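Biologist: Please put the model up, and then we can go through its sheets.

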Amino acid sequence: MESENNPIIQAIEAYATPLLRDMGLELVEVQYRREGHGWVVRLFIDREGGVTIDDCASVSRQLSAWLDVEDLISHAYNLEVSSPGLERPLKKREDFIRFAGRKARVKLQEPLDGRRVFTGIIDRVEEDGVVLLLDEGPVTLAFDAMARARLSL
(Lines give C-alpha, C1' and ligand atoms only; values in the text may rest on other atoms or scores of the structure.)
Protein backbone atom coordinates (compact mmCIF):
# COMPACT_ATOMS: atom_id res chain seq x y z
CA MET A 1 0.00 0.00 0.00
CA GLU A 2 1.15 3.54 -0.78
CA SER A 3 0.64 4.95 2.71
CA GLU A 4 2.89 2.39 4.40
CA ASN A 5 6.03 4.02 2.96
CA ASN A 6 5.05 7.60 2.22
CA PRO A 7 5.43 10.09 5.09
CA ILE A 8 3.28 12.71 3.32
CA ILE A 9 0.37 10.28 2.97
CA GLN A 10 0.86 9.15 6.58
CA ALA A 11 0.79 12.76 7.83
CA ILE A 12 -2.34 13.59 5.81
CA GLU A 13 -4.09 10.43 7.05
CA ALA A 14 -3.15 11.24 10.66
CA TYR A 15 -4.61 14.75 10.35
CA ALA A 16 -7.63 13.96 8.17
CA THR A 17 -8.96 10.85 9.93
CA PRO A 18 -10.07 12.56 13.19
CA LEU A 19 -11.11 15.72 11.31
CA LEU A 20 -13.40 13.73 9.04
CA ARG A 21 -14.72 11.63 11.94
CA ASP A 22 -15.77 14.85 13.69
CA MET A 23 -17.58 15.87 10.48
CA GLY A 24 -19.41 12.52 10.31
CA LEU A 25 -17.27 11.40 7.38
CA GLU A 26 -14.86 8.55 6.72
CA LEU A 27 -11.45 8.74 5.06
CA VAL A 28 -11.41 5.99 2.45
CA GLU A 29 -8.06 6.65 0.79
CA VAL A 30 -5.31 9.24 0.33
CA GLN A 31 -3.28 9.34 -2.86
CA TYR A 32 -0.20 11.47 -3.48
CA ARG A 33 1.38 11.02 -6.87
CA ARG A 34 2.67 12.62 -10.00
CA GLU A 35 0.23 12.53 -12.90
CA GLY A 36 0.31 13.99 -16.41
CA HIS A 37 -0.54 17.52 -15.26
CA GLY A 38 1.70 17.51 -12.17
CA TRP A 39 1.48 16.40 -8.54
CA VAL A 40 -1.90 15.52 -7.01
CA VAL A 41 -3.04 15.03 -3.42
CA ARG A 42 -6.36 13.19 -3.66
CA LEU A 43 -8.66 12.27 -0.79
CA PHE A 44 -11.63 9.97 -1.13
CA ILE A 45 -14.23 10.50 1.57
CA ASP A 46 -17.50 8.75 2.29
CA ARG A 47 -20.40 8.43 4.70
CA GLU A 48 -23.50 6.29 4.97
CA GLY A 49 -25.80 7.66 2.28
CA GLY A 50 -22.96 9.27 0.32
CA VAL A 51 -21.18 12.61 0.33
CA THR A 52 -22.22 15.95 -1.12
CA ILE A 53 -20.29 18.58 -3.04
CA ASP A 54 -20.50 20.73 0.10
CA ASP A 55 -18.83 17.94 2.11
CA CYS A 56 -15.99 17.80 -0.42
CA ALA A 57 -15.60 21.60 -0.48
CA SER A 58 -15.54 21.84 3.32
CA VAL A 59 -12.90 19.11 3.65
CA SER A 60 -10.87 20.69 0.84
CA ARG A 61 -10.87 24.11 2.57
CA GLN A 62 -9.81 22.69 5.93
CA LEU A 63 -7.17 20.39 4.49
CA SER A 64 -5.79 23.09 2.20
CA ALA A 65 -5.34 25.48 5.14
CA TRP A 66 -3.60 22.76 7.17
CA LEU A 67 -1.31 21.80 4.28
CA ASP A 68 -0.34 25.47 3.81
CA VAL A 69 0.58 25.80 7.50
CA GLU A 70 2.40 22.47 7.75
CA ASP A 71 4.29 23.03 4.46
CA LEU A 72 4.62 19.25 3.94
CA ILE A 73 4.87 19.52 0.16
CA SER A 74 7.57 21.79 -1.21
CA HIS A 75 6.37 21.86 -4.83
CA ALA A 76 3.12 22.76 -6.62
CA TYR A 77 0.28 20.25 -6.41
CA ASN A 78 -3.46 20.02 -6.92
CA LEU A 79 -5.72 19.04 -4.02
CA GLU A 80 -8.78 16.97 -4.93
CA VAL A 81 -11.46 15.72 -2.54
CA SER A 82 -14.19 13.43 -3.84
CA SER A 83 -16.42 10.45 -3.24
CA PRO A 84 -14.87 7.03 -3.88
CA GLY A 85 -17.74 6.22 -6.25
CA LEU A 86 -19.82 3.08 -6.61
CA GLU A 87 -16.76 0.85 -6.94
CA ARG A 88 -15.08 2.19 -3.80
CA PRO A 89 -11.93 0.57 -2.47
CA LEU A 90 -12.21 -1.85 0.44
CA LYS A 91 -9.20 -1.10 2.62
CA LYS A 92 -10.04 -2.27 6.12
CA ARG A 93 -11.68 -5.27 7.72
CA GLU A 94 -14.55 -2.93 8.72
CA ASP A 95 -15.15 -2.10 5.04
CA PHE A 96 -15.80 -5.75 4.26
CA ILE A 97 -18.15 -6.02 7.26
CA ARG A 98 -20.03 -2.87 6.20
CA PHE A 99 -20.49 -4.09 2.64
CA ALA A 100 -21.33 -7.74 3.39
CA GLY A 101 -23.83 -9.00 0.84
CA ARG A 102 -22.39 -6.77 -1.90
CA LYS A 103 -20.28 -7.84 -4.86
CA ALA A 104 -16.52 -7.27 -4.57
CA ARG A 105 -13.46 -7.73 -6.77
CA VAL A 106 -10.30 -8.80 -4.95
CA LYS A 107 -6.85 -8.96 -6.52
CA LEU A 108 -4.26 -11.01 -4.65
CA GLN A 109 -0.52 -10.35 -4.45
CA GLU A 110 0.19 -13.97 -5.38
CA PRO A 111 -2.03 -16.48 -7.22
CA LEU A 112 -4.31 -18.80 -5.25
CA ASP A 113 -5.12 -22.00 -7.16
CA GLY A 114 -3.76 -20.33 -10.31
CA ARG A 115 -5.91 -17.18 -9.96
CA ARG A 116 -5.11 -13.68 -8.74
CA VAL A 117 -8.51 -12.00 -9.28
CA PHE A 118 -11.72 -13.10 -7.56
CA THR A 119 -15.14 -11.49 -7.99
CA GLY A 120 -18.03 -12.57 -5.79
CA ILE A 121 -20.45 -11.65 -3.05
CA ILE A 122 -18.98 -10.83 0.37
CA ASP A 123 -20.48 -13.63 2.45
CA ARG A 124 -18.77 -13.09 5.79
CA VAL A 125 -15.68 -11.67 7.39
CA GLU A 126 -13.47 -13.91 9.48
CA GLU A 127 -10.59 -13.05 11.79
CA ASP A 128 -7.92 -12.80 9.06
CA GLY A 129 -9.90 -12.90 5.84
CA VAL A 130 -13.12 -12.70 3.93
CA VAL A 131 -15.31 -15.40 2.39
CA LEU A 132 -16.47 -14.56 -1.13
CA LEU A 133 -19.27 -16.50 -2.77
CA LEU A 134 -18.15 -17.21 -6.33
CA ASP A 135 -20.19 -18.91 -9.05
CA GLU A 136 -18.19 -22.09 -8.39
CA GLY A 137 -18.55 -21.88 -4.61
CA PRO A 138 -17.09 -20.06 -1.59
CA VAL A 139 -13.43 -19.05 -1.31
CA THR A 140 -11.63 -17.61 1.71
CA LEU A 141 -9.13 -14.85 0.93
CA ALA A 142 -6.67 -13.67 3.58
CA PHE A 143 -6.46 -9.92 4.17
CA ASP A 144 -2.65 -9.99 4.14
CA ALA A 145 -2.67 -11.70 0.72
CA MET A 146 -4.75 -8.94 -0.91
CA ALA A 147 -3.14 -6.40 -3.24
CA ARG A 148 -6.41 -4.51 -3.86
CA ALA A 149 -10.10 -4.91 -3.21
CA ARG A 150 -13.10 -2.85 -4.28
CA LEU A 151 -16.83 -3.04 -4.62
CA SER A 152 -17.92 -4.22 -8.06
CA LEU A 153 -21.05 -3.52 -10.07
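Biologist: Which residue in β2 is the bridge partner of Tyr-32?

Modeller: This is a predicted model, in which local features need pLDDT of at least 70, side-chain atom pairs count only at pLDDT 80 or more, and totals for chains, interfaces and linings use all residues. Residues are numbered from 1 along each chain as its sequence is written, and side-chain values use heavy atoms, with hydrogens and water left out. β1 and β2 (residues 38-46) pair in the antiparallel sense over nine bridges; strands are DSSP runs of E of at least two residues, helices runs of H or I of at least four, both numbered from the N terminus, and two strands pair if DSSP finds at least two bridges between them. In β2, the partner of Tyr-32 is Val-41.

Biologist: Which strands stand at the edges of the sheet β1-β2-β3?

Modeller: The three strands form an open sheet with mixed pairing. Two of them have a single partner strand each, so one side of each is left without a neighbour in the sheet: β1 (26-35) and β3 (77-82).

Biologist: What angle does the direction of helix α2 make with that of β3?

Modeller: Helix α2 (residues 53-70) packs on the sheet and touches β2 and β3, contact being heavy atoms within 4.5 Å. Axes are lines fitted to C-alpha atoms, for helices over the stretch in contact, with angles from 0 to 180 degrees between N-to-C directions. The angle is about 145°.

Biologist: Which residue in β8 does Lys-107 stand opposite?

Modeller: The five-strand open sheet is antiparallel, in the order β7-β6-β5-β4-β8. β4 (residues 103-112) and β8 pair over five bridges. Opposite Lys-107 stands Arg-148.
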